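Grab a viewer and work through these exercises one at a time. Each comes with a solution to check yourself against.

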Amino acid sequence: VQLQASGGGLVQSGRSLRLSCAASGSIFSINTMGWYRQAPGKQRDLVAVVTSGGSTTYVDSVRGRFTISRDNAKDTVFLQMNKLKPEDTAVYYCNADVADGLGHDLIYWGQGTLVTVSS
């Protein structure tokens, strides 16, 4: 299973970006999909997750500005980021909890996409 993330870039404070992450490979089903981020010199932290049923969870610092969604037919998760702030600058990683249909669930990570917000 591979996760391919895209959509990062350099934007000014207050603007928007949309990240995408598509899963491919031997996938029976995908449970939770999520976005994490890692700022320079810091640990990787949760940003948002979405279940297969569409339930979402956000870290407090992005709630109301970011929206996570997914297209189950395309095994893809999105992160719409509005009103970006310089402190949102980080490498953003997607992940997916993938079931192989044989009773195994494994977590897979994308390669990361850099988001830089200038003040």
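**Exercise 1.** Find out which residues Val-59 touches, leaving out those up to four places away in sequence.

*Solution.* Step one: apply the contact cut-off, heavy atoms within 4.5 Å. Step two: read off the partners, and you get Leu-46 and Val-47. Step three: place Val-59 itself, which sits in the loop between strand 6 and strand 7; strands here are DSSP runs (E, at least two residues), numbered from the N terminus. Step four: check exposure. Val-59 has a relative accessible area of 30%, so it counts as partly exposed (buried is under 20%, exposed over 50%, partly exposed in between, with a 1.4 Å probe and protein chains only).

A word on the ground rules: this is a predicted model, where local features need pLDDT of at least 70 and side-chain atom pairs count only at pLDDT 80 or more, while totals for chains, interfaces and linings use all residues. Residues are numbered from 1 along each chain as its sequence is written, and side-chain values use heavy atoms, with hydrogens and water left out.

**Exercise 2.** Now take Val-47: is this residue buried or exposed, and what does it touch?

*Solution.* Start with the location, strand 5. Val-47 comes out as buried because its relative accessibility is 0%. Its contacts, again skipping residues up to four places away, include Trp-35, Tyr-36, Arg-37, Thr-57, Tyr-58 and Val-59. Val-62, Phe-66, Leu-79 and Tyr-92 are also among them.

**Exercise 3.** Track down the salt bridges and say which residues share a network.

*Solution.* First, the criterion: a side-chain nitrogen of Lys or Arg within 4 Å of a carboxyl oxygen of Asp or Glu. Searching the whole structure turns up three. Next, go through them:

- Arg-37 pairs with Asp-88 at 3.0 Å, N to O. Arg-37 belongs to strand 4 and Asp-88 to the loop between strand 8 and strand 9, so this pair ties together parts 51 residues apart in sequence.
- Asp-60 pairs with Arg-63 at 2.5 Å, N to O. Asp-60 counts as exposed because its relative accessibility is 62%, and Arg-63 as partly exposed because its value is 48%.
- Arg-65 pairs with Asp-88, with the closest N and O atoms 2.8 Å apart. Both of these residues are buried.

Last, join up the shared partners: Arg-37, Arg-65 and Asp-88 form one network.

**Exercise 4.** Where does Asp-97 sit, and which side chain of opposite charge is nearest to it?

*Solution.* Look in strand 9, residues 90–99, and you'll find Asp-97. Then search for a partner, with Lys and Arg as positive, Asp and Glu as negative, and His and the chain ends not counted. The nearest hit is Arg-70, 9.0 Å away, and Asp-97 is buried with no salt bridge. Finally, list what Asp-97 does touch beyond four places in sequence: Ser-29, Ile-30, Asn-31, Thr-32, Asp-105, Leu-106 and Ile-107.

How values were computed:
Helix = DSSP H or I, 4+ residues; strand = E, 2+ residues; numbered from the N terminus.
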